[in-house]
Amino acid sequence: MKKVIFVLSMFVTCFSSEVIAQKNVSFGPLVGVNFSKLTGNQPYSDWKTGSTAGIFINYSGESRFGVNGQVLYSRMGGESPNGASKGHLDYLQIPIMGTYYLNGRGNKFRPKVMLGPYIGFLLKAVNENDVSINPEGATRPYKGVDGGAAMGAGFNYAIGRMVWLNADVRYNLGLTQVMNTVSDVHNRSWGINVGLSFPLGEYSPSTGTLR
């Protein structure tokens, strides 16, 4: 947790210069559905449905800027154009996104837009029968790390005392090569995510501490 807070504090310094101590950090669970495919000349070039689940942490500054960091288990990949087979690429994804709220703190409904990088670590790659499509060998077909940009829009809505519903629609643009054996293959995905956030504490940009 301390490492996560440190990483977020670096982004907060970039997005906000205001020095106001407040209950401005929250965390919670997140679940979602995604629609993914792989680009390039490979078998899984059509869209398929997958799932996402994990945890997130929010920082919300007085200037409407904030930061959202997440640790997610995401099932991505794609489907063959004829629908006969699927490739499931399961990643541990870590997106860190700058967030801009369209209205100020104190509002019950807060629309937002988000943009930032993500990195993904491949946990397994299987077909529709749960058989590996990434066998061990001199050169494994799928790379172990993926990276790209996440962008989206959504809202936070207060449903109780310091408890918020978080929702967003997101597009992930993979920028790194997914495969070792085929060139110009990248991840593409759309996602719909919902979560609940609970107060964690007050972050002070001046001291870099959370209390």
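1. The hairpin formed by β6 and β7 has two residues between its strands, and M162 there adopts a positive phi near 60 degrees. The model is a predicted one, and the remarks below apply to it as such.

2. On the C-terminal side of this hairpin, strand β7 covers residues 163-174. It runs antiparallel to β6, and twelve bridges join the two. One register point can be given for checking: N156 has N166 in β7 as its bridge partner.

3. Strand β6 (residues 145-160) also pairs with strand β5 (residues 109-127), again in the antiparallel sense, over 13 bridges. Two positions fix the register here. I119 is opposite G147 in β6, and V113 is opposite A153 in β6.

4. How do these pairs fit into the whole sheet? They belong to a closed barrel of eight strands, in the order β1-β2-β3-β4-β5-β6-β7-β8, with antiparallel pairing. Neighbouring strands of the sheet are turned against each other by 25 degrees on average, direction ignored.

5. A residue of strand β1 deserves a separate look. N34 lies in this strand, which spans residues 25-38. Is N34 buried or exposed? Its relative accessible area is 5%, and the cut-off for buried is under 20%, so N34 counts as buried.

6. Which partners does the polar side chain of N34 have? It makes a polar contact with the side chain of T52, at 3.1 Å. In addition, a polar atom of the N34 side chain lies 3.4 Å from the backbone oxygen of S51.

7. Leaving aside residues up to four places away in sequence, N34 touches a run of residues from K48 through T49, G50 and S51 to T52. The other residues it touches are S74, R75, M76, W190 and G191. Of the elements concerned, β2 comprises residues 48-60 and β8 residues 187-201.

8. The last point concerns the largest pocket, whose volume is about 310 Å³. It is lined by 16 residues, and those closest to its centre are K23, S26, S60, R105 and W164. Two or more lining residues come from each of β1, β2 and β8. Which element gives the most to this lining? That is β2, with three residues.

Conventions
Residues are numbered from 1 along each chain as its sequence is written. This is a predicted model: local features need pLDDT of at least 70, side-chain atom pairs count only at pLDDT 80 or more; totals for chains, interfaces and linings use all residues. Side-chain values use heavy atoms; hydrogens and water are left out. Helices (H or I, at least four residues) and strands (E, at least two) are DSSP runs, numbered from the N terminus. Buried means under 20% relative accessible area, exposed over 50%, partly exposed in between (1.4 Å probe, protein chains only). A polar contact is a pair of N or O atoms within 3.5 Å; within protein, one must be able to donate a hydrogen and the other to accept it, and residues adjacent in sequence count only if both atoms are side-chain atoms. Contact means heavy atoms within 4.5 Å. Two strands pair if DSSP finds at least two bridges between them. Axes are lines fitted to C-alpha atoms, for helices over the stretch in contact, and angles run from 0 to 180 degrees between N-to-C directions. On a 1 Å grid over the protein atoms alone, a cavity is a set of points where a 1.4 Å probe fits but cannot get out, and a pocket is an open set with protein on both sides within 12 Å along at least five of seven lines; lining residues have an atom within 4 Å of a point. Grid points are joined across faces, edges and corners, and a volume is the space filled by probe spheres set on the points.
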